[in-house]
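Let's take a walk through this model together. Keep the viewer open and follow along as we go.

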Amino acid sequence: MGSFLLKACVAVLCGLSLSMASAQVFTVGEKSATADIKTDFTATHIDLPTAPMTERGRRQLVRDLEAEQGFAHRVLPVGGLLTLQANGNITPGAEGYKRMVYEKGQAAAPGDRVAITALEFKPDRIVVDFNGGPYVKHRFLRHIQIGAGTGGGMATTANPDLSEQATGCRITLVFEGGLPEVSAPEVKALLEPLVDFGVKTGEKAYADTLPEPLKNAIDAHEVLVGMNRRMVLAALGQPENKVRETAESGEKYEEWIYGHQPQTVKFVRFVGDQVSLVKIAALGRPMEIRRQNEDGQSVPHEAQKTVAVGDVPTTPENTAPPSLMKPGEAAEMDNGTTQRKVQLPDDKKPAATPQNYRPAALM
């Protein structure tokens, strides 16, 4: 009887534990992971030109759009399967869009800063890459591994570097009837359902109050020597790395680093709150170094150095030896007489004996 009661109690406890465990288990799937992703879409209505795209128009678009920065209006998935019809809808639709984000991951969240890194032109479309695009840049050395093969010979095998993964997005802008002679503002307006290039941040509003040269430099995402930190943030955004060092002169500085190889790398050095040095390292080009002030403001402390070469020019004011006497004042000796110049003995004449001289033996 006792064993029967014991078994019954064990069975009840096991049932309670299983019911509690089942109550604590939850499953994360595609629907729950993508429930907060907004897929609302409003097509644009832009009047497009009818003339076909020319080579000059392509070059102008590259100059005006490449490196242009905007803000994501919605979640941008990693990959290159987004197709946007000019003044039309986007492919895939709402459910396919969420599935792409779930499977590929996010390239940018709503409100994140994105930049155009590449443009490709085809007969009826423009392929726009953001933040490096959907594919890792090809480097053939990364796929080669040299080692000993069978029979003592050399063998090469594929050695892919899985540490690098694509994190960018690609949007294909399709024009019905062929690619027209569109301008950069028109392309930005067509991409507005996905990326907004007209949002004015605090840095942008601050840049509008600056003189025209500084404003133009910020709009072109350039840094000038003499800018302050807020201007640099408005031009390039937050840096990827920051380094604090001390120069040989003992002066402390902070260096902001933008980009990484093989892309162009910019080094912006701050002394206090002012840019004192800009270095630009582009692949295949010599290092560009700028030290001179370029914004018309005060020169940073690091550049204020004066070097004197040679002796001080001789003038009537600095020919006399240094003295504590005032001009025209004669120095007095301890015995009440004024100070006299030292008389050097003459080889031709005997040395004069002072009147108050007494031999030591007679004193």
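Our way in is Ala 184, which you'll find in helix H5. This is a predicted model, so treat everything below as computed from it. Is Ala 184 buried or exposed? Its relative accessibility is 7%, and since buried means under 20%, Ala 184 counts as buried. Leaving aside neighbours within four places in sequence, Ala 184 is in contact with Leu 61, Asp 64 and Leu 65. In the chain, Ala 184 and Val 62 are 122 residues apart, yet their C-alpha atoms sit 8.8 Å from each other in space.

Helix H5 also brings us to the largest nonpolar core, so to speak. That core has 36 residues, and the ones with the most contacts inside it are Leu 76, Ile 126 and Phe 130. Elements giving two or more residues to this core include helix H3 (55–65), helix H5 (184–190), strand S6 (113–122), strand S7 (125–130) and strand S10 (169–174). A second core, separate from that one, has 23 residues, including Val 223, Val 268, Phe 270 and Ile 280.

Click on Phe 130 next. Setting aside its neighbours within four places in sequence, Phe 130 is in contact with a long list of residues, among them Val 114, Ile 116, Cys 169, Ile 171, Leu 191 and Phe 197. Now step along to Asn 131, in the loop between S7 and strand S8 (145–148). Asn 131 has a positive phi near 55°, and it is a residue other than glycine. Its relative accessibility is 31%, so Asn 131 counts as partly exposed.

Helix H4 is another contributor to the largest core. In H4 (residues 94–104), the buried residues are Gly 96, Tyr 97, Lys 98, Met 100 and Val 101. As for spacing along a helix, an α-helix has 3.6 residues a turn, so residues three or four places apart point the same way. What covers the buried residues of H4? The cover includes strand S2 (76–77), strand S3 (79–85), strand S4 (90–91) and strand S5 (106–108). Both ends of this helix have some backbone to look at. In the loop between S4 and H4 you'll find Pro 92, and the peptide bond from Thr 91 to Pro 92 is cis, with omega near 5°. Just after H4, Gly 105 takes a positive phi of about 100°.

Now swing over to the open sheet of 5 strands, with order S12-S13-S14-S15-S16 and antiparallel pairing. Strand S12 (241–246) and strand S16 (288–290) stand at the edges with a single partner strand each, so one side of each has no neighbour in the sheet. From one strand to the next, the twist averages 20°. At the S16 edge, strand S15 (residues 274–281) pairs with S16 in the antiparallel sense over 3 bridges, and Val 278 stands opposite Arg 290.

Helix H8 (residues 229–236) lies across strand S13 (252–258), S14 and S15, running at about 10° to S13. In the loop between helix H7 (212–219) and H8 is His 221, with a positive phi near 60° in a residue other than glycine. His 221 has a relative accessible area of 15%, so it is buried.

Last stop: Arg 269, in strand S14 (residues 265–271). What does the side chain of Arg 269 make a polar contact with? The partner is the side chain of Glu 255, at 3.2 Å. With a relative accessible area of 12%, Arg 269 is buried.

How values were computed:
Residues numbered from 1 in each chain as written. Predicted model: local features only at pLDDT ≥ 70, side-chain atom pairs only at ≥ 80, totals over all residues. Heavy atoms only, no water. Helix = DSSP H or I, 4+ residues; strand = E, 2+ residues; numbered from the N terminus. Buried < 20%, exposed > 50% of the residue type's maximum accessible area, 1.4 Å probe, protein only. Polar contact = N/O pair within 3.5 Å; in protein donor to acceptor, adjacent residues only side chain to side chain. Contact = heavy atoms within 4.5 Å. Pairing = 2+ DSSP bridges. Axes fitted to C-alpha atoms, helices over the stretch in contact; angles between N-to-C directions. Core = buried A, V, L, I, M, F, W, Y, C linked by side-chain atoms within 4.5 Å.
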